[in-house]
Protein chains: 2
Amino acid sequence: MAKASVKRNRIASEQLVLRTIYSTGQISRADIARATKLTPPTVSELVGKLLADGLIEEKGLAPSSSGRRGILLDVVDNSRQIIGIDLSREDFRGALTDLRGRTVHRVDLSLDGRDGEEALSLVYDLVNQLIASATKPILGIGIGAPGLIDPFDGILQQAVNLNWRYIPIRSLLYDRNNLPVYMANDCQLAALAEFTFGEDNGPQNDLPLVVIKLGWGVGAGIIVDGKLLHGSRVGTGEIGHVRVVDNGIQCACGNYGCLETVASIPAIMKQIKLSMNNDPNSSFHKFVKDQKELNTNIVVWALENGNNDMSKIIDGVGEALGIAASNLVGVLGSCHIMIHCSITCSYPLLIEKIRETLIQRTLPSLARATKLSSTSLGSDNVICGASALVLHHELAVL
Amino acid sequence: MAKASVKRNRIASEQLVLRTIYSTGQISRADIARATKLTPPTVSELVGKLLADGLIEEKGLAPSSSGRRGILLDVVDNSRQIIGIDLSREDFRGALTDLRGRTVHRVDLSLDGRDGEEALSLVYDLVNQLIASATKPILGIGIGAPGLIDPFDGILQQAVNLNWRYIPIRSLLYDRNNLPVYMANDCQLAALAEFTFGEDNGPQNDLPLVVIKLGWGVGAGIIVDGKLLHGSRVGTGEIGHVRVVDNGIQCACGNYGCLETVASIPAIMKQIKLSMNNDPNSSFHKFVKDQKELNTNIVVWALENGNNDMSKIIDGVGEALGIAASNLVGVLGSCHIMIHCSITCSYPLLIEKIRETLIQRTLPSLARATKLSSTSLGSDNVICGASALVLHHELAVL
C-alpha cells in the first residue's frame, strides 16, 4: 500500500476512535477495539494521541462484571469551544458552544435595520466578541445565513433582506481570524441541529428529516442518509419560492403566490393588518390598543382568545405548508417533517391542517407514513446546527 | 490493521483498478498505479487476477511517446452478460447486455392484459428465455418495475396496473436461478441509465439529474452526487400522485388532480377521446377513420397536422409537468430535468411550456440555471438502467 494511503488510513482510524468514544461515551480501549475492528495496539496508540490532545480523558475503571476491568474513556465536552452564528433573524446571534452543541456564552447584536456593509461589520463584531470570550481553544466558526449559499466555497450568493450579493463570508472571516469557517443556509443548519442534537431523531430513523423553518422567509433543510442533502450547490430546499397559491400576491422574488407570501412571519403579520383594515371591530384592534403596538405576540394572544380571523390565517398557513409538504413527499418519499416557527404559534392547529392537506395531495400510503411534528430545539437551533457543522468537518465525530 | 480490514482494502483496491480501466480504457499498469495511487506491485498483482478472470485483456503496446512502453489493458466488454428487465410497459421486455449496457439479445413478451400470478409467470418465462440465450457467464439480473419498490429488500410493494402487492421478486428469482438480483423503480433506472450511458450527463455535471418518465404512470428518477437518491426506502420520486390541478379528476390512487391524471399516456388518450366526444367534427375523427382504431400514433399525427385540440392537450401536459418541475427545483435546487415519453411526442413544444411554467413558479435564478431536455436514450432506457444497477453492485465499476 502506498504511503499516502497508509497515512489516510491512520487519520481515518483516529477519527473512527474519537467518533466511537463521542457516540458511545464511557468506553474502554478493549470495547473500542471490538466496536471499530481495529487491533488493540492501534487503539492504544490512537487513544494516547487523543489523550495528549486533551480531547478525551480517563474516567476510572469499568464495572467489574466482566473479567479484566478496563479504564473508561470519554470525550472532554469542554476541551474545545465552537463559534456558532445565526444570521437569519432580526438580531444577529452567536454563541460559544461545547463539543455537544451546548451554549457556553452568547452574544446578540441588534441589526436595527442595517444591511449591506454595515450588516457585515456587525458579523465581524459578533465574531470578535465571541473570540474574546473564549476560555478554550476554538475549533472553528460555523455560520447559518439566509438566502442562497454556496457551502463549498463559503460564498453567500444572495440574501435579499440583508441586501447582500456574492459575499465571500468564509474567506473574509478566515482572513481576519485564521480559524476554519464553515457555512450553510440557516434552514439546512436547523435540520442538521435537529438530526444531531434533537430529541426525536438520529441515525436509527431511516426517514429523511425535513425541517421547514418559518421566519423572515420560509425554507427547508433536508437530511437524507444522515447527511445534509445538497442537490445543486446552492438552492436546495428553497421551497419558500415555489408557488402554492394561484392568483396570489407578488413576492419579493418577482413571482406570484410563493409559499413565503403566505407562511413567513412578515406574511402572517400582513394578513393580520389586512384583517384589521377590513374589519374596524376586529379583536386584533383590542390587542394593539392594549399593547400600544402591533407585534408578533398578537399571534399567540389571538389564538388564546379564540380569535376566528387568526384561526383562519393559521389555517391558510397550514394549507400552504401542506402543499409544500406534499411536494417534498413527492420528491423524497415519506419523511419526518418538522415545523419550526420563529414566533410562538399553535403547532397542533398548524400540523393538523398540514396533515389534512398532505393526505389529499400526495400518494395516501406515503402521506400516512410521513411523520409531522414541531422541532424539539428552540430558537438556538441554527447556532446548534452551525456548531454541528464545525464538529462534522473538524473532528468528523458526526 | 486487523485482518478483516486488510481484506476489505484488497477487494476495494481490485474494484478501484477495474473501475479505472473501465472508465479510462486502454491504460497501462504504470498509469493505473499513478491514477489509483496504489504501488506498482499491488497493481500488477490485481491486474493478474482480473486477467485470469477474463474481465480485462492486454491490447498491445502503448504509443512510444514516453520512455518505457507499457502494455495497454482494457475491459473485455463481452466477457460477461447481464440480464436487464423492464416491467413498466404494456409488454414485458428483457435483454442480455454486455458490460457497457449494449443489447446483445432481446425478448419481448406481450402481457395481453394479464396481471397477478399470470403476469409473474411471464417474468419467469422472460428470465428463462434470456438465461437460455446467454453465451457468456451471467453477472446478474436487474429489474425495473413500476410502483412502490423496496430496492433494499427487492420487494415490489405495490403496482396497481399489474395488480401486484408485496411480491418478493428478488428472492423469488434468486431461488429459481441462483443469480444475483437487483431491482428498482423503472423511473429510477431510466435516470441511472441516462447518467451512466447517456450522451449528455456524467460525473462532470454537478446538477442533480432528474428523468421524468411519462408512460402508464408518471414518475421521476433522481440522481444526486452520482448516485440514485433514495429518500425513504420506497416512494422516492412518486411525483405522479402529487396534485397539480385543483378541482381535477379522480386518480387511481383515490385523490384528485394528480399529475398522472393529466400527463400519463392513458390520461392523454382520455383527453383525446373527450375532445372527440365534445366535437363530432374534430379532426381526431379523421385519424380514427383512416387508421380503423384510436391508438397512440394519433398524437404524432395530430401534432404534424397542426391539430389545435392536440396542441392544447400537450400544453396542459407541459403546464402540469412545469408544476412538477418547480416542485423538484424547490426541493433539489437547480437540476437537469429530462423528459422521457414512452410514445413519440413533440418534445420542443412540451419543453417550451415546462420552462414557461417553471420560471413563473419557482425562484427565477434557480429556474434559469435548470436545464430541460428530452432523454438521449430511447425505449430501452429501463433495460440499460437495470444493467447499470447490476454493474454497480457486482463489479462496482460505476
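Which residue forms a salt bridge with D31(A)? The partner is R34(A), and the closest N and O atoms are 2.6 Å apart. This is a predicted model.

## A salt bridge within helix 2

D31(A) and R34(A) share one helix: both lie in helix 2 of chain A, residues 29-36. Their spacing is three residues, about one turn of the helix. Side chains of opposite charge can pair when their charged atoms come close.

Over all chains, the count by this rule comes to 42 salt bridges. Another of them, between D246(A) and R361(B), is described below with the interface.

## Helices 8 and 9 of chain A

Helix 8 of chain A covers residues 265-278, and helix 9 of chain A covers residues 284-291. Their axes come within 9 Å. The crossing angle is roughly 105 degrees. Angles of 65 to 115 degrees count as roughly perpendicular, so helix 8 and helix 9 of chain A are roughly perpendicular to each other.

Helix 8 of chain A brings I272(A), S275(A) and M276(A) to the contact. Helix 9 of chain A meets them with F284(A), H285(A) and V288(A). By class, the residues of this contact are four nonpolar and two polar, with no charged ones.

## How the two chains are related

Two copies of a chain are related by a rotation about an axis and a shift along it. Here, chain B superposes on chain A after a rotation of 180 degrees, with 0.0 Å of shift along the axis. The RMSD is 0.0 Å. That is the relation of a two-fold axis.

The same surface serves both copies: 100% of the contact residues of chain B recur in chain A. Which residue of chain B comes closest to the rotation axis? N327(B) does, with its C-alpha at 2.9 Å.

## The interface of chain B and chain A

The contact takes in 46 residues of chain B and 46 residues of chain A. The size of an interface is often given as the accessible area lost when the parts come together. Between chain B and chain A, the buried area is about 3700 Å². Carbon and sulfur atoms give 56% of that area. On the chain B side, R243(B), V331(B) and R361(B) lose the most area to chain A. Together they account for 17% of what that side buries.

How many salt bridges cross the interface? The rule finds two. In a salt bridge between the chains, the side chain of R361(B) meets that of D246(A), at 3.4 Å from N to O. R361(B) thus appears twice here: in this salt bridge and among the residues of chain B that lose the most area to chain A.

Note on methods. Residues are numbered from 1 along each chain as its sequence is written. Chains are lettered from A and ligands numbered from 1 in the order in which they are written. This is a predicted model: local features need pLDDT of at least 70, side-chain atom pairs count only at pLDDT 80 or more; totals for chains, interfaces and linings use all residues. Side-chain values use heavy atoms; hydrogens and water are left out. Axes are lines fitted to C-alpha atoms, for helices over the stretch in contact, and angles run from 0 to 180 degrees between N-to-C directions. Helices (H or I, at least four residues) and strands (E, at least two) are DSSP runs, numbered from the N terminus. Angles under 35 degrees count as roughly parallel, over 145 as roughly antiparallel, 65 to 115 as roughly perpendicular and the rest as oblique. Contact means heavy atoms within 4.5 Å. Ala, Val, Leu, Ile, Met, Phe, Trp, Tyr, Cys and Pro count as nonpolar, Asp, Glu, Lys and Arg as charged, and the others, Gly among them, as polar. Copies are superposed by least squares on the C-alpha atoms of residues with pLDDT of at least 70 in both. Buried area is the accessible area (1.4 Å probe) that two parts lose on being put together, summed over both. A salt bridge is a side-chain nitrogen of Lys or Arg within 4 Å of a carboxyl oxygen of Asp or Glu.
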